[in-house]
There are 2 protein chains.
Amino acid sequence: MATRRIQRTEESRRLLVTAAAELFAEKGYRQTSFIDIADKAGISRGSIPWHFGNKLGLLEAVIDDQIQVVLTLSASPAEERSSDPLDQVMGFIRLPVTRLFITLLAEAVEGDSPIREHYARLHAALREAVQARISEEALPAGTVPEAFAVVLVGALIGVHAQWRVAPEAVDLDAVHATLRVLLPEGLK
Amino acid sequence: MATRRIQRTEESRRLLVTAAAELFAEKGYRQTSFIDIADKAGISRGSIPWHFGNKLGLLEAVIDDQIQVVLTLSASPAEERSSDPLDQVMGFIRLPVTRLFITLLAEAVEGDSPIREHYARLHAALREAVQARISEEALPAGTVPEAFAVVLVGALIGVHAQWRVAPEAVDLDAVHATLRVLLPEGLK
């Protein structure tokens, strides 16, 4: 019985995080209410504070969830991965949920933004995932891993932005092929 | 007298575009009203329709203004430029007005966004500016100029995003140096 209750609790938590991610992607953080999230998840409104404390706690869970996805791209050794990280990242970019990153970014850069530090953790996790794969010897002379990670993560962020704005003008397959050529050996 | 009137007209147009860019950057397109813009510019409200038709016309002028900046980075021949395009772009990123690109991006990717096509012109101009500088021979084998432009413009967009979110975590000087090493000869 206890196990089943835990399963139900886990499941409602998951439903709430998924609903919140979709609503934040569509309407932004500020414009999304507990009521919207509970209604979309089909879960009682009172359970959100119980699970997450407040809306910022829910945002934190949404960001953590995306960071987990990023970490799985870099955590497993090459021989255990079913496909290579670049393929996975380029697939990830195409998922509807990644519009979330654009909507939240606009709010994250506002003065005194409550979500800025959480958004910053997402970027930091992306850069760390890249750095974990870079051997300094694989990089061109004159570049450092930290700055290379900013540039590569930047390229993925900016490719995603251009594609979201004008999918017909951005050939993601050609970009994928170009990134494969440009990346140092160790990162492929 | 006619010349002075034209000067005044040009000046009020310029004041309105500058005020609109600052307000769009801060509050987004939807949340900014003619009243906000006129008050900030210190110009009568009635003159906005006279200059720009409607708010979308004003947004168009703001985007055109930014595109002009981009075009000056790529238009003049190398020997006439006072500094190289990468230096100029990295300086441009640091300007307060470029927060505009992030705020408007979130609105541009909404379904049925009125500003999407104007935002798309901005990205297209950036890609064209890069492509105008790429000679196909300078690119690594297996890459095409269109996709390379998406990646390079993407890197600039995404470096900017990371820096806006966490300036303390992104060393723009190191990124600048890394981009200089990574870029093909013809583009430096």
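A residue counts as buried here when its relative accessible area is under 20%. Keep that cut-off in mind, because B:A61, with a relative accessible area of 9%, falls on the buried side of it. What you have in front of you is a predicted model, so everything below describes that prediction.

Let's stay with B:A61 for a moment. This alanine sits in helix 4 of chain B, which covers residues 55-75. Setting aside neighbours within four places in sequence, B:A61 is in contact with B:R13, B:V17 and B:F52. For a sense of distance, the C-alpha atoms of B:A61 and B:V144 are 32 Å apart, with their positions 83 residues apart along the chain.

One of those partners, B:V17, is worth following. B:V17 belongs to helix 1 of chain B, residues 2-27, and is buried too, at a relative accessible area of 3%. Not counting residues up to four places away in sequence, B:V17 touches B:F52, B:L58, B:A61, B:V62 and B:D65. Note that B:F52 turns up again: this phenylalanine is also in contact with B:A61. Now look for B:V170, which is 153 residues from B:V17 in sequence; in space, the two C-alpha atoms are 30 Å apart.

Step back to a whole chain. Chain A has nine helices and zero strands, so if you take the helices and strands as DSSP runs, the pattern read along the sequence is simply α-α-α-α-α-α-α-α-α. The C-alpha trace of chain A spans about 55 × 40 × 30 Å along its principal axes. Of the 188 residues in chain A, 52% are buried. Among contacts in chain A with a separation of 6 or more, 65% are between residues 24 or more positions apart.

Which helix of chain A is largely enclosed by the rest of the structure? It's helix 6, residues 99-108, because ten of its ten residues are buried. The buried set includes A:R99 and A:E107 alongside A:L100, A:F101 and A:I102.

Just past that helix comes a loop with an odd backbone. Most residues other than glycine have a negative phi. A:D112, however, has a positive phi of about 55° although it is not a glycine. This aspartate lies in the loop between helix 6 and helix 7 (116-131) of chain A, and is exposed, with a relative accessible area of 81%. Chain B tells a matching story: phi of B:D112 is positive and near 55°, the residue is in the loop between helix 6 and helix 7 of chain B, and its relative accessible area of 81% makes it exposed.

Buried or exposed: what is B:S113? At 13% relative accessibility, B:S113 counts as buried, whereas B:D112 is exposed. B:S113 is found in the loop between helix 6 (99-108) and helix 7 (116-131) of chain B. Its side chain reaches the backbone nitrogen of B:I115 at 3.2 Å. Leaving out neighbours within four places in sequence, B:S113 is in contact with B:E107 and B:A108.

The two helices on either side of this loop pack against each other. Helix 6 and helix 7 of chain B have axes 9 Å apart, at an angle of about 130°, and are therefore oblique to each other. Their crossing is left-handed. On the helix 6 side, the residues that meet helix 7 are B:F101, B:L104, B:L105 and B:A108; on the helix 7 side, they are B:R116, B:Y119 and B:L122.

Helix 7 of chain B also has a partner across the chains. Its axis and that of helix 8 (residues 145-165) of chain A come within 9 Å and cross at roughly 135°. This pair, too, is therefore oblique, and the crossing is left-handed. Here A:A161, A:Q162, A:R164 and A:V165 meet B:R116, B:Y119, B:A120, B:H123 and B:R127. You'll recognise B:R116 and B:Y119, which also meet helix 6 within chain B.

How do the two copies relate overall? Chain A can be laid on chain B by a turn of 180° and a shift of 0.0 Å along the axis, with an RMSD of 0.0 Å. That is the relation of a two-fold axis. Among the residues of chain A, A:A155 comes closest to the rotation axis, with its C-alpha at 1.8 Å. The copies meet through the same surface, because 100% of the interface residues of chain A are also interface residues in chain B.

Terms used
Residues numbered from 1 in each chain as written. Chains lettered and ligands numbered in written order. Predicted model: local features only at pLDDT ≥ 70, side-chain atom pairs only at ≥ 80, totals over all residues. Heavy atoms only, no water. Least-squares fit on C-alpha atoms with pLDDT ≥ 70 in both. Contact = heavy atoms within 4.5 Å. Helix = DSSP H or I, 4+ residues; strand = E, 2+ residues; numbered from the N terminus. Buried < 20%, exposed > 50% of the residue type's maximum accessible area, 1.4 Å probe, protein only. Polar contact = N/O pair within 3.5 Å; in protein donor to acceptor, adjacent residues only side chain to side chain. Axes fitted to C-alpha atoms, helices over the stretch in contact; angles between N-to-C directions. Parallel < 35°, antiparallel > 145°, perpendicular 65-115°, else oblique. Left-handed = near helix turned anticlockwise from the far one by under 90°.
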